[in-house]
Amino acid sequence: QVQVVESGGGLVQAGDSLRLSCVASGRTLSINDMSWYRQTPGNKRELVSTLTNGAATKYADSVKGRFTISRDNAKNSVYLQMNSLTPEDTAVYYCNAMIVGVSLSEYDTWGRGTQVTVSS
């Protein structure tokens, strides 16, 4: 069984920074895309950023220039550095990883989320 666990959320003020972390564990052979999503009450989960195994990145327009995604393949981890936070960034942030298990099957794996709250 594979899983991912997020950490690093919290309550900050507008203009502050936070760094989210996500680590994958279990019978993991490799990890393809690793992504961060976020969701607010009553809204659909939206993609914040993706980092492929080949190091290609994608960002939502609303976070470009403020958020940076990175990964450490040796640690099966992905990070999201969030700078210049605004109240509009308040959401539950979810980690997603496309994990290839030892059976060579790919698992679309989600964490339980970490709350980020930005006060004005």
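Here are some short worked exercises on the predicted model above.

Residues are numbered from 1 along each chain as its sequence is written. Because this is a predicted model, local features need pLDDT of at least 70 and side-chain atom pairs count only at pLDDT 80 or more, while totals for chains, interfaces and linings use all residues, and side-chain values use heavy atoms, with hydrogens and water left out.

**Exercise 1: The overall build**

Work out which secondary structure elements the protein chain has, and how its radius of gyration sits against the globule rule.

Step 1. Go through the elements: there are zero helices and eleven strands. Both are DSSP runs numbered from the N terminus, helices being H or I with at least four residues and strands E with at least two. Read from the N terminus, the order is simply β-β-β-β-β-β-β-β-β-β-β.

Step 2. Apply the rule, which is 2.2 Å times the number of residues to the power 0.38, with the radius of gyration taken over C-alpha atoms. For 120 residues a compact globule would come out near 14 Å, and the protein chain has 14 Å, so the two agree.

Step 3. Add the box: along the principal axes, the C-alpha atoms fill roughly 50 × 25 × 25 Å.

Step 4. Check the contacts, meaning heavy atoms within 4.5 Å. Among those with a separation of 6 or more, 55% come from residues 24 or more positions apart.

**Exercise 2: Surface and charge**

Find how much of the protein chain is buried, what its exposed area amounts to, and how its charged side chains are placed.

Step 1. Sort residues by relative accessible area: buried is under 20%, exposed is over 50%, and partly exposed is in between (1.4 Å probe, protein chains only). Of the 120 residues, 38% count as buried.

Step 2. Take the area from the Shrake-Rupley method with a 1.4 Å probe, where for residues only the protein chains shown count as cover. The protein chain exposes about 6400 Å², and carbon and sulfur atoms supply 47% of that.

Step 3. Count charges, with Lys and Arg as positive, Asp and Glu as negative, and His and the chain ends not counted. Place them at NZ of Lys, CZ of Arg, CG of Asp or CD of Glu. You get 11 positive and 10 negative side chains, with the centres of the two sets 4 Å apart.

**Exercise 3: The disulfide**

Identify the disulfide, its handedness and the elements it connects.

Step 1. Look for pairs of cysteine sulfur atoms within 2.5 Å. Searching the whole structure turns up one disulfide: Cys22 is joined to Cys95, with S to S at 2.0 Å.

Step 2. Read the torsion about the S-S bond of Cys22 and Cys95: it is about -75°, so this disulfide is left-handed.

Step 3. Place the two ends. Cys22 sits in strand β3 (residues 18-26) and Cys95 in strand β9 (residues 91-101), so-called distant parts of the chain, 73 residues apart. Cys22 and Cys95 are both buried.

Step 4. Look at a neighbour: Val5, in strand β1 (residues 2-7), touches Ser21, Cys22 and Val23, leaving out residues up to four places away in sequence. Val5 itself is partly exposed, at 42% relative accessible area.

**Exercise 4: Positive phi**

Most residues other than glycine have a negative phi. Say where Ser84 and Leu104 lie, and give their phi values.

Step 1. Ser84 is in the loop between β8 (77-82) and β9, and its phi is positive, about 50°. With a relative accessible area of 42%, Ser84 is partly exposed.

Step 2. Leu104 is in the loop between β9 and β10 (106-110), with a positive phi of about 75°. Leu104 counts as exposed, at 64% relative accessibility.

**Exercise 5: Two neighbourhoods**

Is Val116 buried or exposed, and which residues do Val116 and Pro87 touch beyond four places in sequence?

Step 1. Val116 belongs to strand β11 (residues 114-119) and, at 0% relative accessibility, is buried.

Step 2. The contacts of Val116 include Gly9, Gly10, Leu18, Leu20, Met82 and Tyr93. Glu106 is ten residues from Val116 in sequence, yet their C-alpha atoms are 29 Å apart.

Step 3. Pro87 lies in the loop between β8 and β9 and is partly exposed at 32%. Its contacts are Ala14, Val118, Ser119 and Ser120. Pro87 and Ala14 are 73 residues apart in sequence, but 6.4 Å C-alpha to C-alpha.
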